[in-house]
Amino acid sequence: MSPARTAIALAAGVLFASAVAAQARFPVDDINKGREQFHRTCSQCHGYNMVSSGTTAYDLRRFPVDDSGRFFNSVTNGKGGMPSFKDALTPEQMKLLWAYVGSRGGKEP
Ligand code: HEC
């Protein structure tokens with residue numbers, strides 16, 4: 001194989017591996033359902049597609065993706081200016097929301 005071809009093959013391998021890694025944590029379907037749920041119940045404070053200045057509500061694009069426990073706790077019990085969603089959302093809906101937020105909206109950190 002020529003060096004150029006080797007480089008292309010390597011790059012393709014890296015791209016493929018990262019695409020697989022991105023899908024490994026959350027199924028794409030869950031991320032998409034989470035996005036819909038997010039825009040029904042969260043975006044009025046946290047912004048469309050999680051885009052917010054972070055001045056009035058936490059900027060969720062910065063939420064630590066390795067801390068699902070903190071996510072579920074804050075959403076369940078509320079925090080500061082955020083209400084509790086204990087009675088408003090089922091555990092399944094919260095799981096879908098985490099797929100969306102925890103994958104940075106499907107982009108993975
Ligand atoms: C009424 C406005 C409002 C709504 C609706 C809202 N939030 Fe929040 N959220 C906030 C505010 C304000 C904070 C900052 C709380 C603080 O740190 O004092 C916050 C913080 C957070 C945090 C970070 C908490 C932490 O551990 O620091 C997460 C995660 C979060 N919101 C997720 C969600 C999700 C998911 C939804 C939809 C189910 C949602 N929020 C709906 C206002 C809102």
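**A tour from the aromatic pairs to the ligand**

Start by selecting Phe38, which is buried at a relative accessible area of 1%. The model is predicted. Next, add Tyr100, also counted as buried, with 1% relative accessibility.

Show both rings. The structure holds 8 aromatic pairs. Phe38 and Tyr100 form a tilted one, with 5.2 Å from centre to centre and 50 degrees between the planes. This pair links distant parts of the chain: Phe38 belongs to helix α2 (residues 28-41) and Tyr100 to helix α5 (residues 91-102), 62 residues apart.

Now move to Phe71 and Trp98. Their ring centres are 4.9 Å apart and their planes stand at 45 degrees, so this pair is tilted. Here too, distant parts of the chain are linked, with Phe71 in helix α4 and Trp98 in helix α5, 27 residues apart. Phe71 is buried at 6% relative accessibility, and Trp98 is buried at 7%. Add Phe26, Tyr58, Phe63 and Phe72 to the selection: together with Phe71 and Trp98 they form one aromatic cluster.

Then select the ligand. The space it takes is the largest pocket. Two or more residues of the surrounding shell come from each of α3 (43-46) and α4 (68-77), and α4 gives the largest share, 4 residues.

Which residues are closest to the ligand? Of the 22 that surround the ligand, these are Cys42, Cys45, His46, Arg70 and Met82. The shell divides into 13 nonpolar, 7 polar and 2 charged residues.

Finish with three side chains, each shown with its polar atoms:

- His46: a polar side-chain atom lies 2.8 Å from a ligand nitrogen atom.
- Arg70: a polar side-chain atom lies 2.7 Å from a ligand oxygen atom.
- Ser74: a polar side-chain atom lies 2.7 Å from a ligand oxygen atom.

Key. Residues are numbered from 1 along each chain as its sequence is written. This is a predicted model: local features need pLDDT of at least 70, side-chain atom pairs count only at pLDDT 80 or more; totals for chains, interfaces and linings use all residues. Side-chain values use heavy atoms; hydrogens and water are left out. A residue is near a molecule or strand if one of its heavy atoms lies within 4 Å of it. A polar contact is a pair of N or O atoms within 3.5 Å; within protein, one must be able to donate a hydrogen and the other to accept it, and residues adjacent in sequence count only if both atoms are side-chain atoms. On a 1 Å grid over the protein atoms alone, a cavity is a set of points where a 1.4 Å probe fits but cannot get out, and a pocket is an open set with protein on both sides within 12 Å along at least five of seven lines; lining residues have an atom within 4 Å of a point. A molecule sits in a cavity or pocket if more than half of its atoms lie within 2 Å of its grid points. Ala, Val, Leu, Ile, Met, Phe, Trp, Tyr, Cys and Pro count as nonpolar, Asp, Glu, Lys and Arg as charged, and the others, Gly among them, as polar. Rings of Phe, Tyr and Trp (its six-membered ring) pair if their centres lie within 6.5 Å; planes under 30 degrees apart count as stacked, over 60 as edge-to-face and the rest as tilted. Buried means under 20% relative accessible area, exposed over 50%, partly exposed in between (1.4 Å probe, protein chains only).
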